[in-house]
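Here are my notes on this model, set out as numbered points for a colleague who wishes to check the surface features.

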Amino acid sequence: MDNPGLQDAGAANYNATNEPYTARDGKWKDSYDPETNAVSQMDLVEDGDENKERGNWSNKADYILSCIGYAVGLGNVWRFPYLAFENGGGAFLIPYIIMLVFAGLPIFLLETSLGQFASQGPIRVWRCLPIFQGIGYTQVIASALVGIYYNCIIAYTLFYLFSSFTSDLPWRTCENTWNTADCVDTNSLANWTGNLSDRVSPSEEYWDRYMLSRSSGIGEPVTVKWQLALCLLLAWIVVYFSLIKGIKSSGKVVYFTATFPYVVLLILLIRGVTLDGALEGIKFFIVPKWSQILNAKVWKDAAAQIFFSLSAAWGGLLTLASYNKFKNNTIHDALIVALTNCATSVFAGFVIFSILGHMALKLNVTVPEVAKSGFGLAFVAYPEALTLLPISPLWAIIFFLMLFTLGLDSQFTIVETVATAICDGWPALLRQKKWLVMLSIAVCCYLLAMPCLTHAGIYHVQLIDSYAGTYPLIIVAIMECIGISYLYGLRRFCKDIAMMAGYQPNYYWQANWAFITPALLTFVLIFSFVFHEDVSYGDYEYPLWAVTLGNLILVFCAIWIPGVAIFWLIVTPGSFMERLRKVTTPTDTWGPHLARHRDERYAHMANPSSGIGAKYTPNDGTKL
């Protein structure tokens with residue numbers, strides 16, 4: 001490192017043995033402990049944890065399935081198909097794939113490589129560039145905020161799942177206590193003389209008037225809906241016990257939760273394509289409208305969809321990769337997960353639009369009139385379409401169980417990201433009590449989610465979703481590319497990856513990190529700001545105080561990036577230029593976690609296991 005005075009003679013002598021640092025030869029290796037100035041013997045077990053202190057995935061499949069489960073979420077099913085339909089059908093795949101190649105994949109590989117190289121979570125991994133440590137705080141805070149409301153959506157799926165265990169789905173007819181005179185079910189539609197646009201379906205009233213019991217605005221004094229509170233409690237119990245042993249338990253749960261949705265999608269596709277009208281629905285999904293490609297909004301939507309679909313910049317990918325064994329090829333992993341994610345989105349489009357095509361035929365309307373996105377697709381349009389199928393309760397159970405498992409995988413990583421950041425901050429105190437950290441997170445998030453369970457709850461969910469998980473994450477991704485490419489050093493980063501994968505990333509990756517990806521994401525950010533619209537839910541426009549609250553959420557997430565940078569510039573000793581140099585160079589604790597993986601560039605690295613308040617430095621004694 002830059003400060004020879006901090007290099008320990010014991011570390012230097014140990015690393016001067018020229019013994020190769022490899023985790024593949026099955027031999028024991030010595031590990032230097034700077035705290036005791038001694039060399040201790042470690043056993044290396046081929047199929048055991050390489051990192052005894054922190055733990056590793058039990059096998060490669062656990063990691064890959066966890067990444068796929070994290071990336072493939074509800075948005076693949078309820079957002080992508082509608083975006084494709086709205087933005088040119090099959091033509092949308094061209095900008096979508098281009099944005100995958102030049103925006104999604106590079107960020108995915110950058111984050112997984114950083115996490116795996118240092119075996120650290122989203123905050124401590126920025127020992128490589130202390131001035132950018134605020135990125136980690138932004139990622140953790142954004143993940144925590146999303147974790148609060150995301151489990152509420154999972155609770156919605158549980159509510160519908162339990163309601164499906166009946167001989168007659170409750171949203172099939174208008175003969176329920178919550179229905180109004182405006183409700184018109186499919187059986188009565190033939191005799192209805194009103195305007196079709198004025199029709200209110202029973203599934204819409206079930207969602208609005210029964211499950212949500214939605215109030216007329218976000219500011220109304222309302223009470224918690226106890227049924228949703230119980231569903232959310234069950235959702236958090238499932239999440240907690242799935243994560244009680246960290247990746248050791250969640251890595252096994254994902255064998256079901258990450259694969260089951262594909263089984264359900266295949267079953268629904270087989271059923272869907274055999275229905276009358278299915279081909280017409282699929283045509284609306286895939287027939288290209290080439291004129292749309294010239295629309296800048298289409299490219300912006302493609303970039304935003306691939307970016308958020310891959311769950312890039314949230315810190316989750318970095319967290320999952322931090323539990324990998326060091327000699328793992330992150331380049332191959334990025335390709336596998338990204339391509340699987342995109343293929344799933346397209347596959348889900350066929351599933352959704354085959355059923356919607358049948359629904360349009362039954363209702364004697366066009367496909368665009370029944371096509372919706374987000375909550376409208378998952379909890380209104382598709383449930384109504386399911387009532388038109390024979391044995392509809394069975395199909396409803398399968399569909400909502402699929403949504404439940406899709407949501408769980410993403411929630412697992414969201415919670416793990418927050419827990420890992422906390423445990424990495426105080427490893428000696430908390431790493432052996434991770435179950436307690438998980439329990440604390442679950443209890444706090446459950447209590448903080450109470451406003452989302454009231455009659456105005458959906459307004460709160462929409463508000464947090466619109467502000468916490470948009471602009472701050474795009475800013476994070478741009479800063480990651482700039483920081484690694486121009487401050488940490490692109491050549492150095494490629495050498496780090498070569499230590500793990502055996503070869504350096506080619507010029508495609510390097511050009512993207514340095515130029516193309518930050519330029520594309522900057523375009524998305526500027527376009528989003530210029531054409532920004534205040535949050536709304538359906539026809540409801542949020543009051544000024546609620547919009548202001550949303551903007552404060554955005555600022556609270558993003559302020560850590562400049563805030564932490566300014567903090568370190570202030571507390572680091574020396575002249576301004578000396579301070580600037582110190583906080584833009586790696587600390588003495590940056591590098592591979594285990595001594596046997598360090599090459600000559602990291603031969604004199606200090607103990608990387610120190611917590612937030614421990615004694616590692618940015619070359620000057622400042623705690624970081």
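What percentage of the residues in the protein chain is buried?

1. Buried residues, meaning those under 20% relative accessible area (exposed is over 50%, partly exposed in between; 1.4 Å probe, protein chains only), make up 60% of the 624 residues in the protein chain. This is a predicted model, in which local features need pLDDT of at least 70 and side-chain atom pairs count only at pLDDT 80 or more, while totals for chains, interfaces and linings use all residues. Residues are numbered from 1 along each chain as its sequence is written, and side-chain values use heavy atoms, with hydrogens and water left out.

2. The protein chain has 25 helices and 4 strands, taken as DSSP runs (H or I of at least four residues for helices, E of at least two for strands) and numbered from the N terminus. Of its contacts (heavy atoms within 4.5 Å) with a separation of 6 or more, 79% are between residues 24 or more positions apart.

3. The accessible surface comes to about 24,000 Å², and carbon and sulfur atoms hold 64% of that area, as computed by the Shrake-Rupley method with a 1.4 Å probe.

4. F162, F165, W226, L230, L233, L234, I237 and F241 make a nonpolar surface patch of about 850 Å², where patch residues have over 30% relative accessible area and no salt bridge, and nonpolar side chains (Val, Leu, Ile, Met, Phe, Trp, Tyr) are joined within 5 Å; a salt bridge is a side-chain nitrogen of Lys or Arg within 4 Å of a carboxyl oxygen of Asp or Glu. Helix α8 (residues 226-243) gives the largest share, 6 residues. L234 lies in helix α8 and is partly exposed, at 32% relative accessibility.

Methods. Patches are made of residues with over 30% relative accessible area and no salt bridge: like charges are joined within 9 Å, nonpolar side chains (Val, Leu, Ile, Met, Phe, Trp, Tyr) within 5 Å.
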